[in-house]
Amino acid sequence: MLIKAATTVGGFQVFDVFVSIHRRLSSFIHFSRRLRFSMRNGKKRARSEPGSTKQPRNKYSDNPPDFANLASLYPSFKPFVFFSGGGRPRIDWTDYNATRELTRILLLHDHGVNWWIPDGQLCPTVPNRSNYIHWINDLLSSESFGGGDGSSKVKGFDIGTGANCIYPLLGASLFGWTFVASDFTLVALDWAEKNVKSNPHISDLIEIRDSKVLLPQCSEEAATTVQSVDDNKSCSIEPAVLVGVVKENETFDFCMSNPPFFETFEESGLNPKTSCGGTPEEMVCSGGEQAFVSRIIQDSAVLRQRFRWYTSMLGKKATLKLLISKLWEVGVTVVKTTEFAQGHTSRWGLAWSFMPTARKILAPPVVKKNILSFMLERIKRQYSAVDVLQSVEEFFKSCGASCKLNSSTFSVDIVASDDQCNTILKNGITNVDSARSHGYEQKQSLDGSSLQVPEDNLSFRISVFQQMPGTLLIKGSLQQKDIPLSGLFSVVFGSLEESMKSKFCR
């Protein structure tokens with residue numbers, strides 16, 4: 001209630017002041033509500049903006065499933081659909097039966113595929129899995145190895161297809177691809193076979209293959225019964241990845257995998273917002289997804305060009321860098337990465353190849369720039385700009401590069417060969433074009449001193465600038481212009497950024 005009696009104080013009407021304050025406060029509250037609403041909507045729209053990581057040819061990219069329509073068409077789905085306060089139809093994502101029924105009717109309604117899995121088996125989400133399939137189609141159609149339409153006479157290998165057999169079913173129904181789908185548990189092999197046979201229009205395109213491999217020290221007779229295997233501790237049956245499952249002289253256009261993301265089964269149940277099921281064999285392996293995909297990398301180094309593309313999905317973005325480092329070590333020619341974003345879920349894709357290509361493609365893409373920079377924010381209190389400068393010098397000296405620190409300009413001049421840069425990256429980039437003469441020329445640094453710079457080496461300066469308390473700007477300037485190694489400079493500078501942030505930032 002506003003005070004209605006107008007009182008004059010110092011020539012002003014108190015009531016008028018109250019009315020003015022009330023109006024401004026109401027206006028501010030209204031603006032705040034509109035801003036919050038706009039920001040919420042903005043987050044939802046961001047997934048559909050140009051440059052989105054969703055696959056544009058995925059039919060769910062900008063058209064999420066219409067639950068109300070699906071409930072009207074499929075009575076079995078109707079009990080799982082409810083309406084929130086705003087009237088928008090929803091399902092309970094923590095209800096395994098609801099997510100399984102949604103997957104079933106999406107495969108039937110949108111792809112003409114009959115599908116089912118028993119209780120507890122991993123239930124895939126169709127939109128997210130479709131993103132992976134479409135990305136592989138993009139890889140097959142890319143110009144890395146001369147291109148193609150990505151659909152004719154394509155043969156894929158699905159590592160660990162599970163009872164759901166989702167990727168072969170989607171790939172066969174969408175593009176007519178043929179598949180070998182492997183797994184090692186009886187439940188997975190049995191139900192994958194049932195799902196294939198339930199779709200006679202594509203069943204001849206998909207072969208289900210057992211990936212259990214008998215170790216050399218175990219006789220076939222000993223492996224015929226579970227009891228005999230248990231009694232003989234030296235005898236075991238191991239699920240293989242590619243080597244041992246791929247037949248002699250067999251070739252494929254690609255392999256794909258949705259690996260076990262977790263190291264423990266307890267870790268796999270930490271997301272209370274969803275219930276997609278999953279057995280320990282599907283969700284967990286020693287070392288998690290990094291160890292599993294490392295096994296694919298090891299096998300790919302043996303099989304090499306028998307696959308055009310080796311690919312895997314990942315649940316953690318941090319795993320990408322570690323695996324990319326392993327890939328360069330085994331001599332791949334191409335590495336590509338992507339993010340699969342659908343709804344509130346993000347996954348990452350990693351692809352590599354040993355096929356000959358005209359140029360090496362780095363992942364992430366290397367932008368050739370002569371000047372690069374990054375910020376060190378929230379620096380730990382015990383460190384100063386001098387500490388950072390000295391650490392920059394140590395970072396490059398550790399790989400054998402020539403360094404000259406100038407404390408007056410807070411800069412370090414560096415000369416590094418491509419081999420020394422590769423030591424920093426630790427990813428085996430050995431095919432950088434360095435086939436130029438090894439003549440030397442003098443490069444003057446700004447303080448008047450000089451460093452000897454071979455023509456095929458990188459010469460650059462790293463400078464440290466104080467921005468504000470606790471924040472530093474690190475700037476890298478390539479001294480040579482328009483040289484073939486400028487792309488390598490971008491990657492080296494990225495490694496420096498990661499090292500400095502890890503050491504100095506909270």
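## Close-up views of a predicted model

**Figure 1. A salt bridge in helix H14 links glutamate 497 and lysine 501.** Lysine 501 has a relative accessible area of 35% in this predicted model, and it is therefore partly exposed. Its partner, glutamate 497, also counts as partly exposed, because its relative accessibility is 24%. The two residues are four residues apart in helix H14, which covers residues 486-504, so that about one helical turn separates them. An α-helix has 3.6 residues a turn, so residues that are three or four places apart point the same way. In this pair, the closest N and O atoms are 2.8 Å apart. Elsewhere, Lys155, Glu207, Arg209 and Glu250 are joined into one network by salt bridges that share partners.

**Figure 2. In helix H3, glutamate 101 forms a salt bridge with arginine 104.** A search of the whole structure finds 12 salt bridges, and this close-up shows the one in which the closest N and O atoms of glutamate 101 and arginine 104 are 2.8 Å apart. Side chains of opposite charge can pair when their charged atoms come close. Because glutamate 101 and arginine 104 are three residues apart in helix H3 (residues 96-111), about one helical turn lies between them. Is each partner buried or partly exposed? Glutamate 101 has a relative accessible area of 6%, under the 20% limit, and so is buried, whereas arginine 104, with a relative accessible area of 21%, is partly exposed.

**Figure 3. Lysine 194 in helix H6 has two partners in this view, aspartate 190 and tryptophan 191.** With aspartate 190, lysine 194 forms a salt bridge whose closest N and O atoms are 3.6 Å apart. The two residues are four residues apart in helix H6, so about one helical turn separates them. Aspartate 190 is partly exposed, with a relative accessible area of 38%, and lysine 194 is partly exposed too, with a value of 38%. Lysine 194 also lies over the face of tryptophan 191, at 4.4 Å from the ring centre.

**Figure 4. Asparagine 195 is a buried residue of helix H6.** Helix H6 spans residues 186-197, and asparagine 195 has its place there. Asparagine 195 counts as buried because its relative accessible area is 2%. Which residues does asparagine 195 contact, leaving aside its neighbours within four places in sequence? They are Asn114, Trp115, Trp116, Ile117, Ala163, Asn164 and Leu169.

**Figure 5. Phenylalanine 396 and phenylalanine 460 form an edge-to-face aromatic pair.** The whole structure, when searched, gives 20 aromatic pairs. In the pair shown here, the ring centres are 5.3 Å apart and the ring planes stand at 65°, which is over 60 degrees, so the arrangement is edge-to-face. Phenylalanine 396 belongs to helix H12 (residues 385-397) and phenylalanine 460 to strand S19 (residues 458-468), so this pair ties together parts that are 64 residues apart in sequence. Both phenylalanine 396 and phenylalanine 460 are buried.

**Figure 6. Six aromatic residues, from Phe157 to Phe354, form one aromatic cluster.** The members are Phe157, Phe252, Phe307, Tyr310, Trp352 and Phe354. One of them, phenylalanine 252, has the charged end of lysine 155 sitting over its ring, 4.7 Å from the ring centre. Lysine 155 also takes part in the salt-bridge network with Glu207, Arg209 and Glu250.

**Figure 7. The largest nonpolar core has 50 residues.** Phe77, Tyr132, Trp177, Ile206, Ile208, Phe254 and Met256 are the members that touch the most other members of this core. Helix H4 (residues 126-141) provides the largest share, with seven residues. Leaving aside neighbours within four places in sequence, tyrosine 132 is in contact with Tyr167, Met256, Ser257, Thr311, Ser312, Met313 and Phe340. Another core, of 34 residues, lies apart from this one and has Leu372, Phe374, Ala401 and Val412 among its members.

**Figure 8. Helices H11 and H13 each contain buried residues.** Isoleucine 324 lies in helix H11 (residues 318-329), and it counts as buried because its relative accessibility is 9%. Although isoleucine 324 and leucine 350 are 26 residues apart along the chain, their C-alpha atoms are separated by 8.4 Å. Helix H13 (residues 418-425) is mostly covered, with six of its eight residues buried. These are Asp418, Gln420, Cys421, Asn422, Ile424 and Leu425.

Conventions
Residues are numbered from 1 along each chain as its sequence is written. This is a predicted model: local features need pLDDT of at least 70, side-chain atom pairs count only at pLDDT 80 or more; totals for chains, interfaces and linings use all residues. Side-chain values use heavy atoms; hydrogens and water are left out. Rings of Phe, Tyr and Trp (its six-membered ring) pair if their centres lie within 6.5 Å; planes under 30 degrees apart count as stacked, over 60 as edge-to-face and the rest as tilted. Buried means under 20% relative accessible area, exposed over 50%, partly exposed in between (1.4 Å probe, protein chains only). A charge sits over a ring if NZ of Lys or CZ of Arg is within 6 Å of the ring centre and within 35 degrees of the ring normal. A nonpolar core is a set of buried Ala, Val, Leu, Ile, Met, Phe, Trp, Tyr and Cys residues joined through side-chain atoms within 4.5 Å. Contact means heavy atoms within 4.5 Å. A salt bridge is a side-chain nitrogen of Lys or Arg within 4 Å of a carboxyl oxygen of Asp or Glu.
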